[in-house]
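Here are my notes on the open spaces in this model, set out as numbered points for your consideration.

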Amino acid sequence: MSGPSVEDLLADLDDERAAVMALVRGLPPASWTLPTRAEPWTVRDQIAHLGWFDAAFARAISTPAEFEAERDAITDLEGFVDAANAAVPEAGPAALAWWQDAARAFDAAARACDPSTRLPWYGPPMSLRSAITSRIMETWAHGSDVADALGSRLPPTDRLRHVADIAVRARAQGYRVRGLEVPATPVRVELAGPSGEVWGWGEPHVSDLGRRDDPNHSRGEAITGDAEEFCLVLIRRRHVDDTGLVVTGDVAREWMEIGQAFAGTPGKDPVRA
């Protein structure tokens with residue numbers, strides 16, 4: 001079977017969690033109340049959110065019928081998310097311990113699950129591998145918010161490839177949540193990972209294969225540059241103009257302005273630095 005195994009994905013998820021947990025372990029009480037870019041959420045709220053949704057996925061895997069009944073009773077998803085955060089222990093260290101318990105429950109449920117199972121969720125059902133990958137993306141995204149609030153930075157790793165892959169595959173999401181038609185024009189994406197490896201999505205343009213010296217040949221729609229910056233743009237935490245990304249073509253530019261790697265309502269537009 002192609003793609004990383006469940007165990008490999010869980011290892012990457014555990015490493016991503018560990019990086020975020022290291023940011024907050026031992027924080028003084030005042031730091032847990034610092035505001036983050038996801039207003040009005042604090043550092044504590046970000047950690048609570050990660051823990052609650054690890055626990056929710058564990059329920060979706062282990063008791064899908066009960067999870068679906070809970071999900072189908074929701075009438076206000078944003079209010080439900082806020083209420084879920086409030087259900088987590090308020091004190092920062094207790095919220096972290098709660099997340100650690102939820103993470104262990106998620107991992108145990110994932111290891112006991114048939115990888116071919118389709119899991120219920122708040123959006124469309126997904127595969128087990130997609131569920132784990134989505135947790136990697138969420139952990140990195142909310143961890144980045146925490147790091148920013150603390151005046152720090154999550155060290156970039158090649159686990160960003162999971163985030164970038166979700167962002168590319170979710171290209172249509174930013175259009176659909178805004179009621180816009182999804183362009184049929186393909187966009188080539190080439191990103192440099194932290195280790196120096198180049199990751200690519202979409203077919204290379206002819207000019208990429210040796211015709212860069214032809215002034216009459218268009219490179220086509222393309223985005224190239226740093227993987228971390230690409231991911232930050234598509235979790236709507238950084239404006240594309242505040243990055244070194246090279247965006248070629250109107251369709252590629254539009255994607256970078258409205259794209260989002262996450263489900264739900266349109267994300268807040270990032271403010272230019």
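1. A pocket is taken here as an open set of grid points at which a 1.4 Å probe fits, with protein on both sides within 12 Å along at least five of seven lines. The model is a predicted one, and what follows should be read with that in mind.

2. By this definition, the largest pocket holds about 1900 Å³ of space. Its lining is made up of 46 residues, and those that lie nearest the centre of this pocket are Glu 138, Gln 260, Phe 262, Ala 263 and Gly 264.

3. Several helices give two or more residues to that lining, namely H3 (43-62), H5 (77-87), H7 (128-149), H8 (160-169) and H9 (173-176). Among the contributors, H7 gives the most, with eight residues.

4. As for the chemical character of the lining of the largest pocket, it divides by class into 23 nonpolar, 13 charged and 10 polar residues.

5. The second largest pocket has a volume of about 230 Å³. It is lined by 11 residues, of which Pro 4, Leu 9, Arg 129, Thr 133 and Asp 165 are the closest to its centre.

6. For the second largest pocket, the elements that give two or more residues to the lining are H7 and H8, and the largest share, four residues, comes from H8. The classes in this lining are five polar, four charged and two nonpolar residues.

Notes: Residues numbered from 1 in each chain as written. Predicted model: local features only at pLDDT ≥ 70, side-chain atom pairs only at ≥ 80, totals over all residues. Heavy atoms only, no water. 1 Å grid on protein atoms, 1.4 Å probe; cavity = no way out; pocket = protein on both sides within 12 Å on 5 of 7 lines; lining within 4 Å. Points joined across faces, edges and corners; volume = space filled by probe spheres on them. Nonpolar A, V, L, I, M, F, W, Y, C, P; charged D, E, K, R; others polar.
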